[in-house]
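Trainee: Hey, have you got a minute to go through a structure with me? I'd like to just fire off questions as they come up.

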Amino acid sequence: MSKTKIERAVWAGFVPKRLRPVIRGIEARGCRVEFLFHEGTACADALEEERLDACLDGLLTCVDRTDMVILAMNDSGVRESGTILDPLDDALLTQIYRNECLLPLKILNRLMPLLERGAGKRIAVLTNREDSHACCQDVSNYGHHMAAAALRLALRQLFNELHPDGYTFRLYCQDPQGNDAYAAEYFLRDRSWEMEDPPHSDENRFVIHDANGFEVPW
């Protein structure tokens with residue numbers, strides 16, 4: 001497999017203070033980053049349907065191609081007050097599911113023409129350890145974890161569909177302590193591609209890696 005050159009990326013999501021070093025790390029490695037939302041845009045404003053469409057239209061007007069789209073919408077600012085033992089708030093769950101699953105998929109769908117015209121064809125996603133079925137010990141935030149599970153399932157289906165056409169995927173598990181310096185390298189570097197040895201062929205597997213480079217179980 002030839003080396004993939006990621007020279008242009010779209011940061012499709014929010015820019016909280018803790019993720020700014022990731023963006024600087026990407027730019028320091030020679031990759032230009034375009035942003036869907038302006039820094040400081042409130043989550044509630046960004047996710048309002050007309051505002052989101054306007055942001056997408058504006059980006060598509062200014063950017064003709066990209067090598068990578070980074071979905072950074074795994075925290076839309078909506079908080080749940082109860083635990084899994086409490087009655088579920090259907091309206092709140094619906095809002096979280098819309099914000100953290102349906103809208104990221106809508107954004108990715110709108111940005112696919114940019115990826116098609118780019119050379120990198122890479123889709124990167126930010127997630128959390130507590131969103132893993134195997135690792136989650138959280139008894140609250142049910143809606144957030146549910147939306148994350150649904151998004152990963154949809155992305156896995158996209159992986160099955162797009163990987164044969166040369167697309168690669170990066171799922172990054174954010175560090176609870178905020179030390180996410182590795183994310184930039186993980187997003188930009190190629191992974192192993194050994195067709196005869198599937199466990200050592202990350203590019204052919206839909207996997208999650210954490211801040212230490214370790215694989216996170218589903």
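Trainee: Which helix does M146 lie in?

Mentor: M146 sits in helix α5. Keep in mind that this is a predicted model.

Trainee: Okay, and is M146 buried or exposed?

Mentor: In between: M146 is partly exposed, at a relative accessible area of 30%. A residue counts as buried under 20% and as exposed over 50%, so 30% falls in the middle class.

Trainee: Which residues form the nonpolar patch with M146?

Mentor: I84, L85, L88, Y97, L102, V139 and Y142 join M146 in a nonpolar patch on the surface. Together they have about 740 Å² of accessible area.

Trainee: And which helices supply residues to that patch?

Mentor: Helices α4 (90-117) and α5 (142-162) each bring at least two residues to the nonpolar patch.

Trainee: New one. Where does D86 lie?

Mentor: D86 is in the loop between β3 and α4. D86 is partly exposed, with 36% relative accessible area.

Trainee: What separates D86 and R29?

Mentor: Along the chain, D86 and R29 are 57 residues apart, and their C-alpha atoms are separated by 47 Å.

Trainee: Let's switch to charges. How many salt bridges are there?

Mentor: The count is 16 salt bridges, taking a Lys or Arg side-chain nitrogen within 4 Å of an Asp or Glu carboxyl oxygen. One of them joins the side chains of E49 and K106, at 2.5 Å from N to O. That pair links distant parts of the chain, with E49 in helix α3 (residues 49-62) and K106 in helix α4, 57 residues apart.

Trainee: Are E49 and K106 buried, exposed or partly exposed?

Mentor: E49 is partly exposed at 32% relative accessible area, and K106 is partly exposed at 24%.

Trainee: What does R110 form a salt bridge with?

Mentor: With D57, and the closest N and O atoms are 2.7 Å apart. R110 lies in helix α4 and D57 in helix α3, so this pair ties together parts that are 53 residues apart in sequence. R110 is partly exposed at 26% relative accessibility, and D57 is partly exposed with a relative accessible area of 40%.

Trainee: How about R122, what does its side chain meet?

Mentor: The side chain of R122 meets that of D190 in a salt bridge, 2.9 Å from N to O. R122 is in strand β4 (residues 122-128), while D190 is in the loop between α6 (182-188) and β6 (208-209), 68 residues apart. R122 is buried, with a relative accessible area of 0%.

Trainee: Which residues are joined into one network by salt bridges that share partners?

Mentor: That network is made of E49, D53, R98 and K106.

Trainee: Now the sheet. What's the strand order?

Mentor: It's an open sheet of 7 strands, in the order β2-β1-β3-β4-β5-β6-β7, with mixed pairing. β2 (32-35) and β7 (215-216) are at the edges and have a single partner strand each, so one side of each has no neighbour in the sheet.

Trainee: Remind me, how do strands in a sheet pair?

Mentor: Through backbone hydrogen bonds, either parallel or antiparallel.

Trainee: So how is β1 joined to β3?

Mentor: β1 (residues 8-13) and β3 (residues 68-72) run parallel, joined by 5 bridges. W11 stands opposite I70 in β3. Helix α1 (residues 20-28) packs on the sheet and touches β1, β2 and β3. The direction of α1 makes about 140 degrees with that of β2.

Trainee: And how do β1 and β2 pair?

Mentor: Those two are parallel as well, over 4 bridges, and A9 has V33 in β2 as its bridge partner.

Trainee: Why is β1 largely enclosed?

Mentor: Because 6 of the 6 residues of β1 are buried.

Trainee: How many residues of β5 are buried?

Mentor: 7 of the 7 residues of β5 (residues 168-174). Both faces are covered: T168, R170, Y172 and Q174 on one side are buried, and so are F169, L171 and C173 on the other. β5 runs parallel to β4, with 7 bridges joining them, and T168 in β5 stands opposite R122.

Trainee: Last one: where's T127, and what is in contact with it?

Mentor: T127 lies in strand β4 and is buried, at 5% relative accessible area. Leaving aside neighbours within four places in sequence, T127 is in contact with N74, R152, Y172, C173, Q174 and I208.

Note on methods: Residues numbered from 1 in each chain as written. Predicted model: local features only at pLDDT ≥ 70, side-chain atom pairs only at ≥ 80, totals over all residues. Heavy atoms only, no water. Pairing = 2+ DSSP bridges. Contact = heavy atoms within 4.5 Å. Axes fitted to C-alpha atoms, helices over the stretch in contact; angles between N-to-C directions. Patch = residues over 30% accessible without salt bridge, like charges linked within 9 Å, V, L, I, M, F, W, Y side chains within 5 Å. Areas by Shrake-Rupley, 256 points an atom, 1.4 Å probe, with all protein chains shown as cover. Buried < 20%, exposed > 50% of the residue type's maximum accessible area, 1.4 Å probe, protein only.
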